[in-house]
Amino acid sequence: LGRQLHELAEVRRGRGDGPRAARREVTPTTEGPARKPGPSAFPSGPSFARLDSTTRKARTMSDVLRIESVRIHPGSATREEAMKEAADLLQAAGSVTGEYFSAMQQREETVSTYMGNELAIPHGTNETKQAILTSGLSVVRYDGGVDWGGEPVTFVVGIAGKGDEHLEILSQIAILFSEEDDVARLKAASSPEELFEALSGSVNA
């Protein structure tokens, strides 16, 4: 994920007029000490937020997200537990091997995958890309929250990308979680089925 993800390292409140004035936009961050970029499971290149439809693969969130990979927990979890569940769901879907959890841990040691707006996107490293069998996605909502290195997280989206197939998916995730109304709607879903439908409806709207 590397440069595409971490150039958009935080979700900030946007400014403007109209009903969307309170929207949050995923934008590059220039504040705070610089972090050394870590190895990524995906190729580096222009930020996915700037890729247009002619350069993206025709892969969507609904192509790679299965209902079995969506969960809701009323309680909380540690960051390690949340990453393990994300990796386990990807493995159960046949997207990755058992090595992928270790790849997620290695990536997290290099740089946090916290994205802002209650979202974290754990993923692996380039050195362990052989653990990815096919593109996949998992979504877990922790209503009790996850302490992600001092940051509050509700949604943990595990992602594994084969080649460039992840670019369109990441763009959709960034857009979805930049809107406070959409995040509130995802938080209001009362079952994994409702959450799955809300995710699918958002990306297909």
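**Strand β7, helix α3 and their neighbours**

Student: How many of the 10 residues of β7 are buried?
Tutor: This is a predicted model. Buried here means under 20% relative accessible area. By that cut-off β7 is mostly covered, and its buried residues number eight.

Student: Which strand pairs with β7 in the antiparallel sense?
Tutor: One residue pair shows the register: S138 stands opposite G158 in β7. Nine bridges link the two strands in this antiparallel pairing. The partner of β7 is β6.

Student: Which residue in the hairpin of β6 and β7 takes a positive phi?
Tutor: Two residues lie between the strands. One phi in this hairpin is positive, near 65°. The residue is G149.

Student: Which strand runs parallel to β7?
Tutor: Look at F155 in β7, whose bridge partner is L119. Two bridges make this parallel join. The strand, residues 119-120, is β5.

Student: What is the geometry of the aromatic pair in the structure?
Tutor: The structure holds one aromatic pair. F155 and F177 form this pair, with ring centres 5.3 Å apart and planes at 70°. Planes over 60 degrees apart meet the cut-off. The pair is therefore edge-to-face.

Student: How far apart in sequence are the parts that F155 and F177 tie together?
Tutor: F155 and F177 are both buried. F155 lies in strand β7, while F177 is in the loop between α5 and α6. So the pair ties together parts whose separation in sequence is 22 residues.

Student: Is Y142 buried or exposed?
Tutor: Y142 is found in strand β6. Among the residues it touches are H73, A82, E85 and V153. Its relative accessible area is 2%. Because the cut-off is under 20%, Y142 is buried.

Student: How far apart in space are Y142 and V153, C-alpha to C-alpha?
Tutor: In sequence, 11 residues separate Y142 and V153. Y142 also touches V153. Their C-alpha distance is 7.8 Å.

Student: What is the relative accessible area of E85, a residue in helix α3?
Tutor: Beyond its neighbours within four places in sequence, E85 is in contact with R71, H73, V140 and Y142. E85 is buried. Its relative accessible area is 11%.

Student: Which elements do the buried residues of α3 pack against?
Tutor: The buried set is A82, M83, E85, A86, A87, L89 and L90. An α-helix has 3.6 residues a turn, so residues three or four places apart point the same way. The elements packed against these buried residues are β3, α4, β6 and β7.

Student: How far apart are the end C-alpha atoms of helix α3?
Tutor: Helix α3 has 14 residues, 79-92. At 1.5 Å a residue, the helix should span 20 Å. The end-to-end distance agrees: 20 Å.

Student: Which residue with a positive phi follows α3?
Tutor: Past the helix, phi turns up positive, near 85°. The residue is G94.

Student: Which ring does the charged end of K84 sit over?
Tutor: The charged end of K84 is 5.8 Å from the ring centre. A charge counts as over a ring within 6 Å, given a suitable angle to the normal. The ring is that of F101.

Student: What share of the contacts with a separation of 6 or more joins residues 24 or more positions apart?
Tutor: The chain has seven helices and seven strands. Of its 205 residues, 49% count as buried. The share asked for is 72%.

Note on methods:
Residues numbered from 1 in each chain as written. Predicted model: local features only at pLDDT ≥ 70, side-chain atom pairs only at ≥ 80, totals over all residues. Heavy atoms only, no water. Helix = DSSP H or I, 4+ residues; strand = E, 2+ residues; numbered from the N terminus. Expected span 1.5 Å × (residues − 1). Buried < 20%, exposed > 50% of the residue type's maximum accessible area, 1.4 Å probe, protein only. Contact = heavy atoms within 4.5 Å. Pairing = 2+ DSSP bridges. Phe/Tyr/Trp six-rings, centres within 6.5 Å; stacked < 30°, edge-to-face > 60°. Lys NZ or Arg CZ within 6 Å of the ring centre and 35° of its normal.
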